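Grab a pencil and work through a few exercises on reading a protein model. Try each task on your own, then follow the solution step by step.

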Amino acid sequence: MIAGIDGARLIARIEELGATGRDAEGRLTRLAGTDADRAGRDLLSGWLHAAGLRVEIDAIGNIYGIWNPEGATGDPLMIGSHIDTVIDAGQFDGCYGVLAGLSVIEAMQVGLAPARPLAVVAFTNEEGVRYAPDMLGSLVMAGGMAVEEALAIRGTDGITLGAELARIGYAGTLQPGAIRPHAYLELHIEQGPVLEAEGVALGAVETLQGISWQEVTIRGTANHAGTTPMRMRRDAGVAAAGLLVFLDELARRTEGGVATVGQLRFEPGAINVIPGAARFTVDMRNPDEERLQAQEEALADALEDLRRDGFEVTATRLARFEPVRFASEIVTAIETAATERQLSCRRMTSGAGHDAQMVARIAPAAMIFVPSRGGISHNPAEFTDPAALIAGANVLLDTARRLLA
Ligand code: HGY
Ligand code: MN
Ligand code: MN
């Protein structure tokens, strides 16, 4: 009987990976394909090799650590997440799930001989901050996008993902999808307030909400800030500001809706020039597909109104994923594993996007959440108590064993 994972080593690795790829201001920022991403990838690959795993890199840069015990056959049980981050990130988002997956394999290597191989995976560009869409590596592995199309995506800095993966040494040869999961588990911090507010130890994630990403450009007329009467202005900045308030109010009155404008840029961006153009991103989400479509239609109507007011408006789709329901048999296995460890557990939906939603296209998949302090994430203040991290990893271990039985 294996008692559990090596908790101290898991926490130490989270800390060490969390110290990797910090910028000059000490901010954790490992965007896909950057030197910081390479540093994180190299550190993880070293741990995978040290655990005696076969390490494979596929053509979209996904990193697989495969354990093929004596006599094991069939497709692997896959445990994964991501190690790329947002800007000024917390150290748990994604990394926790990958490192917990490694710790599960290492625990099983002592005394267990599963009949099926196991693979721990770190997917490329889950965050989508530099390259859209997000969850890109798992989307390609699941056959949702051709690898050539994904490699040709230009980042926010104009450089293609393919060029960057080659530059950092992670343009693999393995065909994405060649390693097909028998089933998939992902352990992740909740990144929201629910578990902490309810005092529940774990979340058995059964659904994940729909996601709609767009980039909107509004063009008006750049003009002199002093000489141009208000009645003569076509101020793209004010038009954009009106849309930001509209999107916020729309989400607040739409059941389950959320909306975020994370990036906003005025051009030419001078103190005494009326903005001739405004570019911004729109992230809208809803667990209900029809309501998400209604949010998208309301935005489209608002953009049409601006065109009638004389603005030139374009909207480019960056990502669009429908809500996902995970495999109920795995959700049940997670609940059983939690109960056996006397840990409280509740079913829930995920507000965040995750690689599991892509892998669910090709295999039974589900997720386990642990609480986030204050519900904070995508922020250096992101934190989960070490005991909760270790408890989550042990429930991941027990669930994996149940799926391998
Ligand atoms: O955007 C998301 O929900 C995820 O963090 N990529
Ligand atoms: Mn994540
Ligand atoms: Mn994230």
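**Exercise 1. Find the residue that bridges the manganese ion (ligand 2) and the manganese ion (ligand 3), and list the protein donors of ligand 2.**

Step 1. Look between the two ions: they lie 3.5 Å apart, and aspartate 93 bridges them. This is a predicted model, in which local features need pLDDT of at least 70 and side-chain atom pairs count only at pLDDT 80 or more, while totals for chains, interfaces and linings use all residues; side-chain values use heavy atoms, with hydrogens and water left out. Residues are numbered from 1 along each chain as its sequence is written, chains are lettered from A, and ligands are numbered from 1 in the order in which they are written.

Step 2. Now collect the donors (N, O and S atoms within 2.8 Å of the metal, or 3.2 Å for Na, K and Ca; water is not among the atoms, so sites may look incomplete). For the manganese ion (ligand 2), the protein donors are His82 (NE2), Asp93 (OD) and His188 (NE2), at 2.1 to 2.3 Å.

Step 3. Read these donors along the chain, and you get the spacing H-x10-D-x94-H. Distant parts of the chain are linked here: histidine 82 sits in strand β3 (residues 77–82) and histidine 188 in strand β5 (residues 183–189), 106 residues apart. Strands (E, at least two residues) and helices (H or I, at least four) are DSSP runs, numbered from the N terminus.

Step 4. Check the accessibility, where buried means under 20% relative accessible area, exposed over 50%, and partly exposed in between (1.4 Å probe, protein chains only). Histidine 82 has 0% relative accessibility, so it counts as buried. Histidine 188 counts as buried because its value is 1%.

**Exercise 2. Which residues coordinate the manganese ion (ligand 3), and at what spacing along the chain?**

Step 1. Coordination comes from Asp93 (OD), Glu127 (OE), Glu127 (OE) and His378 (NE2), at 2.1 to 2.6 Å. Notice that Glu127 (OE) appears twice in this list.

Step 2. The spacing of these donors is D-x33-E-x250-H. Glutamate 127 lies in the loop between β4 (118–123) and α4 (136–141), and histidine 378 in the loop between β16 (365–370) and α12 (386–404), so the pair, 251 residues apart, links distant parts of the chain.

Step 3. Is each of these two buried or partly exposed? Glutamate 127 is buried, because its relative accessibility is 7%. Histidine 378, at 42%, is partly exposed.

**Exercise 3. Describe how helix α1 (residues 7–18) packs against helix α3 (residues 95–108).**

Step 1. Recall what to report: two packed helices are described by the angle between their axes and the distance between the axes. Axes are lines fitted to C-alpha atoms, for helices over the stretch in contact, and angles run from 0 to 180 degrees between N-to-C directions.

Step 2. The axes of α1 and α3 come within 10 Å and cross at roughly 145°. Their crossing is right-handed (the near helix is turned clockwise from the far one by less than a right angle; anticlockwise would be left-handed).

Step 3. List the contact residues, where contact means heavy atoms within 4.5 Å. α1 gives Arg9, Leu10, Arg13, Ile14 and Leu17, and α3 gives Cys95, Tyr96, Leu99, Ala100, Leu102, Ser103 and Glu106.

Step 4. Sort them by class: 8 are nonpolar, 1 is polar and 3 are charged. Here Ala, Val, Leu, Ile, Met, Phe, Trp, Tyr, Cys and Pro count as nonpolar, Asp, Glu, Lys and Arg as charged, and the others, Gly among them, as polar.

**Exercise 4. How does α1 lie relative to α12?**

Step 1. The two helices pack at about 115°, with axes 10 Å apart. That angle makes α1 roughly perpendicular to α12 (65 to 115 degrees; under 35 is roughly parallel, over 145 roughly antiparallel, the rest oblique).

Step 2. This crossing is right-handed. Gly7, Leu10, Ile11 and Ile14 of α1 meet Pro386, Leu389, Ile390 and Ala393 of α12. By class, that is 7 nonpolar, 1 polar and no charged residues.

**Exercise 5. Where is threonine 281, and what does it touch?**

Step 1. Threonine 281 belongs to strand β12 (residues 277–286). Its relative accessibility is 16%, so threonine 281 counts as buried.

Step 2. Leaving out residues up to four places away in sequence, threonine 281 touches Gln214, Glu215, Thr260, Val261, Gly262 and Gln263.
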